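Thank you all for making time this morning. I would like to walk you through one model, going from the overall make-up to the sheets, the helices and the cores, and I will take it slowly.

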Amino acid sequence: MPQVITDEKLIDEILERGVEQIFPDKKTLKEKLMSGERIRLYCGYDPTAPSLHIGNAVTINKLSQFQKLGHEVIFLVGDFTGMIGDPTDKTATRKKMTRKEVLKNAEDYKKQASGYLKFDGENPAKIMYNSEWSDKLSFKDLIELASKFTLQQMIDREMFKRNLAVVKCRYCGFEWKSPIQFGTIENFKSSTLIGNKTNCPNCGKMTGMDKEDIVMKELDRLRETPIAFHELLYPLAQGYDSVAMNVDLEIGGNDQMFNMLAGRTLQKNINNKEKFVMTLKLLSDETGKKMGKSEGNAVFLDQSPEDMYGAVMSWTDGTIAIGFEMATNIPMEEIEKIKEALKDEKNNPRDFKMKLAYEMVKINHGEEAAQFAQENFIKIVQKKEVPDEVKEEKAKNGEKLVDFIVRAKLAESNADAKRKIEQGGVSIDGEIIKDIQTVISEEMNGKILKVGKREFRKIIIG
RNA sequence: GGGCAGGUGGCGGAGUGGUCAAUCGCAGCUGACUGUAAAUCAGCCGUCUCACGGCUUCGGGGGUUCGAAUCCCUCCCUGCCCA
């Protein structure tokens, strides 16, 4: 049984760092942790995606902090809930996955999470699957669970999600999500703006939405999307996990608050136990813009060191401090210093972002990989040079360059390869190739082919 | 069970007998710009072809026609309303 650490300073930091809210309150949770009792906590992960992203990393990082204190950490694979498909923030029905695919993803998750969380050693984190208990629930059990909530609660929750509209600032074009009052749409038909006028988080001007805005259409579509009955049952499924594992604490993103609180209710009702809920901030910059795939700067934990480094470098400057706070374990005092330094015009934010990128790669791939990724970035992105290590690709003498590019998977089709050449995106040893008829010749042996901004291949004739 | 509206390229959404490989927006790609991004600007954006020009696409199948995403039949699917 590992020793539980009750260092007040450490506990305070864990309860502060990156934390949005704690239910029922921080004080009670602190007392629990200070008591020396070993608690059991978990966070659930949806296994329908092949890789974990930076948002998951934030919760995993929080789990790891508890692990270091000696508490019992469960990494829950939501294979059952994943099959239903969490309707949170999603409009489309999720495709069904086979058991095999889910297990494969879960196995990969373990690897991806291990930069933060230890699955071996003295206090290893446990992996559990919620299908283990959820599959066994009977219809009677389900009714029992459902009786703990009212229809109104579930419907209100759905409506709330559906009334988050994307608001676009009329002055600077900045977009953010904002709740829209239910009756507003009808009134709005005759007015110019909808929603309560608010200050744009980006430029600060008073703004609203133009009624002709595309955004409007999106909101309409959301509101018109029917609520499937099973969507209302989702919080039950997730909430039941808390009961089945009999946990003391659940961690999750702020968007999971409702589901996590459902678990709190059930745990109190069924096991008569106080379950704490800790929600974490979203990893976003100060204007509320989320890191996501649509912004082209998503970080996935299974990315290569170079890609991960590059992805972090493409974050906006406003994300630097929060990135340090949530995705690394650099001491808060140091982060405060960085925050201060960022305010100084003389400092280049890029340098701090490079440190963050380095840290992230170090956690997930090790020091050596971080070093490599950093040098690589400086070389090819900043100095636009060719990286040290370039993948080799065999070519035949007399082969068409177009065919070669497609074979090396640097273009999707012949047409795509030709387009890239015609648009000046292809070069050999720095010399731009414009002729799509170019043929691989003996003299190209060993030279570096570049396609697009950062794809390189060494041509090996043979 | 009854009535109605629909199913178009990765997504949203035009088109409703030839001028449609299919307007447009988003996403994506290439280039310029930049400390990295974002934003912006220019171009591209089914596929084969140096090109001319083919080929395969508008839920599935069948039909009408010189010619169909567009008309008819049928099947499948989705949503709404009534019961």
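What follows is a tour of this chain, part by part.

Let me say at the outset that this is a predicted model, and everything I report was computed from it. Chain A has 462 residues, of which 31% are buried, and its secondary structure comes to 19 helices and 15 strands. If we take the contacts in chain A with a separation of 6 or more, 68% of them are between residues 24 or more positions apart.

I will begin with the sheet of 6 strands, which is open, has mixed pairing, and follows the order E1-E10-E9-E2-E3-E4. Which strands stand at its edges? They are strand E1, residues 19-23, and strand E4, residues 126-129, and because each has a single partner strand, one side of each is left without a neighbour in the sheet. From one strand to the next, the twist averages 25 degrees.

Within that sheet, I would like to look at two of the pairings. E2 and E3 are parallel, with 6 bridges between them, and one of the residue pairs to look for is arginine 40 with its bridge partner in E3, glutamate 72. As for E3 itself, 5 of its 6 residues are buried, so this strand is largely enclosed by the rest of the structure. Strand E9, residues 249-253, and strand E10, residues 276-280, also pair in the parallel sense, over 5 bridges, and here leucine 249 has phenylalanine 276 of E10 as its bridge partner.

Turning to the helices that accompany these strands, helix H12, residues 257-270, packs on the sheet and touches E1, E9 and E10, with a direction that makes about 170 degrees with that of E10. Helix H11, residues 229-245, lies across strand E2 (40-45), strand E3 (72-77), E4 and E9, and it runs at about 145 degrees to E2.

A residue that contacts part of H11's stretch of sequence is methionine 154, which itself sits in helix H8, residues 151-162. Leaving aside neighbours within four places in sequence, methionine 154 is in contact with Phe149, Leu232 and Pro235. Is methionine 154 buried or exposed? It counts as buried, because it has 20 C-beta neighbours inside 10 Å, and 20 is the number at which a residue qualifies as buried. To give a sense of distance, the C-alpha atoms of methionine 154 and methionine 354 are separated by 44 Å, with their positions 200 residues apart along the chain.

For a contrasting case, please find glutamate 333, in helix H15, residues 332-343. Glutamate 333 has 7 C-beta neighbours inside 10 Å and therefore counts as exposed. Its C-alpha lies 32 Å from that of serine 51, and the two are 282 residues apart in sequence.

Now to the packing of one helix against another, where I have chosen helix H13, residues 305-313, and helix H16, residues 349-365, whose axes come within 9 Å and cross at roughly 145 degrees. The crossing of H13 past H16 is right-handed. On the H13 side, the contact is made by Pro305, Met308, Tyr309, Val312 and Met313, while H16 contributes Lys353, Leu356, Ala357, Met360, Val361, Asn364 and His365.

Two of those names return in the largest nonpolar core, which has 52 residues: Val312 and Met360, together with Ala57, Leu63 and Leu117, touch the most other members. Helix H3, residues 54-68, supplies the largest share of this core, 6 residues, and the core draws at least three residues from each of domain 1 (8-146 + 229-280) and domain 3 (293-382). Alanine 57, not counting residues up to four places away in sequence, touches Leu52, Tyr116, Leu301 and Ala327. Apart from this core lies another, of 14 residues, among them Val402, Leu410, Val426 and Ile459.

That leaves the other sheet I wanted to show, an open one of 5 strands with mixed pairing, in the order E11-E15-E14-E12-E13. Strand E11 (392-395) and strand E13 (431-432) are at its edges, and since each has a single partner strand, one side of each is left without a neighbour in the sheet. Strand E14, residues 448-451, and strand E15, residues 455-461, run antiparallel and are joined by 4 bridges, with valine 451 standing opposite glutamate 455 in E15.

How values were computed: Residues are numbered from 1 along each chain as its sequence is written. Chains are lettered from A and ligands numbered from 1 in the order in which they are written. This is a predicted model: local features need pLDDT of at least 70, side-chain atom pairs count only at pLDDT 80 or more; totals for chains, interfaces and linings use all residues. A nonpolar core is a set of buried Ala, Val, Leu, Ile, Met, Phe, Trp, Tyr and Cys residues joined through C-beta atoms within 7 Å. A residue is buried if 20 or more other C-beta atoms lie within 10 Å of its own, exposed if 12 or fewer, and partly exposed in between; C-beta atoms are placed from the backbone. Domain bounds come from an automatic or database domain assignment. Two residues are in contact if their C-beta atoms, placed from the backbone, lie within 7 Å. Two strands pair if DSSP finds at least two bridges between them. Axes are lines fitted to C-alpha atoms, for helices over the stretch in contact, and angles run from 0 to 180 degrees between N-to-C directions. A crossing is left-handed if the near helix is turned anticlockwise from the far one by less than a right angle, and right-handed if clockwise.
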